Amino acid sequence: MVAVWTRVRLSQWGSWCRGRQPTGYPTASAFTHANEGARCRDEGTMPTELAEVERAVAALRQELRQATIAGYVWRGPWRERAGRIGVSAATLRRHLVRAEAQVERILQLAD
């Protein structure tokens, strides 16, 4: 079972990536736009605690990384998010559970 703090940190990271934080941070992280041809669309520095999460997500295998982005950054019904990465909603959820566990391990090792 993944710790609540892992999901909280992933949620904070996802919110920052979407640009909905009322903190004045940029609207998207470099990692979120990596597959769009540019490493970063916005100027600014990601907060340290979120950069740790971003590095952990970046270390995941592609399918787990995509599931993490779909689960924590994108909004909309699970079926639509899953369709964007070419998997079923059930597969997206399975990948996300594995990704959360791996992110937790990576963050624990970083401490």
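A helix here is a DSSP run of H or I with at least four residues, numbered from the N terminus. Keep that in mind for the first stop. The model is predicted.

**Whole chain**

Show the whole chain as a cartoon. You should count 5 helices and 0 strands. From start to end, the order reads α-α-α-α-α. Colour by burial next. Of the 111 residues, 41% count as buried. Switch to a surface view. The accessible surface comes to about 6500 Å², and carbon and sulfur atoms supply 50% of that area. Now turn on contacts. Take those with a sequence separation of 6 or more: 59% of them link residues 24 or more positions apart.

**Helix H1 and its end**

Select residues 4–18. This is helix H1, with 15 residues. Its first and last C-alpha atoms lie 21 Å apart, close to the 21 Å expected at 1.5 Å a residue. Then click on Gly19, which follows H1. The phi of Gly19 is positive, near 80°.

Which residues of H1 are buried? Select Thr6, Arg9, Leu10, Trp13, Gly14, Ser15, Trp16 and Cys17. Now bring in what covers them. The cover includes helix H2 (48–58), helix H3 (62–72) and helix H5 (89–110).

**Thr6**

Stay in H1 and centre on Thr6. Its relative accessible area is 0%, so Thr6 is buried. Show the neighbours, leaving out residues up to four places away in sequence. Thr6 then touches Glu100, Val103 and Glu104. Draw a distance to the Glu104 side chain. A polar contact of 2.7 Å joins the side chains of Thr6 and Glu104.

**Arg9**

Move along H1 to Arg9. Is Arg9 buried or exposed? Arg9 is buried, because its relative accessible area of 16% falls under the 20% cut-off. Show its contacts, again skipping residues up to four places away in sequence. Arg9 touches Glu49, Leu50, Glu52, Val53 and Leu107.

**Arg65**

Jump to helix H3 and select Arg65. Arg65 counts as partly exposed, because its relative accessibility is 22% and the buried class ends at 20%. Add Ala58 to the selection. The backbone oxygen of Ala58 lies 3.5 Å from a polar atom of the Arg65 side chain. Next, add Val103. Arg65 and Val103 are 38 residues apart along the chain, and 9.9 Å separates their C-alpha atoms.

**Arg93**

Go to helix H5 and pick Arg93. Its relative accessible area is 42%, so Arg93 is partly exposed. Add Thr68 and draw the C-alpha to C-alpha distance. That distance is 9.5 Å, with the two positions 25 residues apart in sequence.

**Arginines over tryptophan rings**

Select Trp78 and Arg81. Arg81 lies over the face of Trp78, at 4.4 Å from the ring centre. Then select Trp74 and Arg84. Arg84 lies over the face of Trp74, at 3.8 Å from the ring centre.

How many aromatic pairs does the structure hold? The structure holds 0 aromatic pairs.

**Last view**

Return to H1 for a closing look. Keep Thr6 and Arg9 selected, both among the buried residues of this helix. Bring back helices H2, H3 and H5, which are included in the cover over the buried residues of H1. Finish on Gly19, the residue that follows H1.

Terms used: Residues are numbered from 1 along each chain as its sequence is written. This is a predicted model: local features need pLDDT of at least 70, side-chain atom pairs count only at pLDDT 80 or more; totals for chains, interfaces and linings use all residues. Side-chain values use heavy atoms; hydrogens and water are left out. Helices (H or I, at least four residues) and strands (E, at least two) are DSSP runs, numbered from the N terminus. Buried means under 20% relative accessible area, exposed over 50%, partly exposed in between (1.4 Å probe, protein chains only). Contact means heavy atoms within 4.5 Å. Accessible areas come from the Shrake-Rupley method with a 1.4 Å probe; for residues, only the protein chains shown count as cover. Rings of Phe, Tyr and Trp (its six-membered ring) pair if their centres lie within 6.5 Å; planes under 30 degrees apart count as stacked, over 60 as edge-to-face and the rest as tilted. A charge sits over a ring if NZ of Lys or CZ of Arg is within 6 Å of the ring centre and within 35 degrees of the ring normal. The expected span of a helix is 1.5 Å times one less than its number of residues. A polar contact is a pair of N or O atoms within 3.5 Å; within protein, one must be able to donate a hydrogen and the other to accept it, and residues adjacent in sequence count only if both atoms are side-chain atoms.
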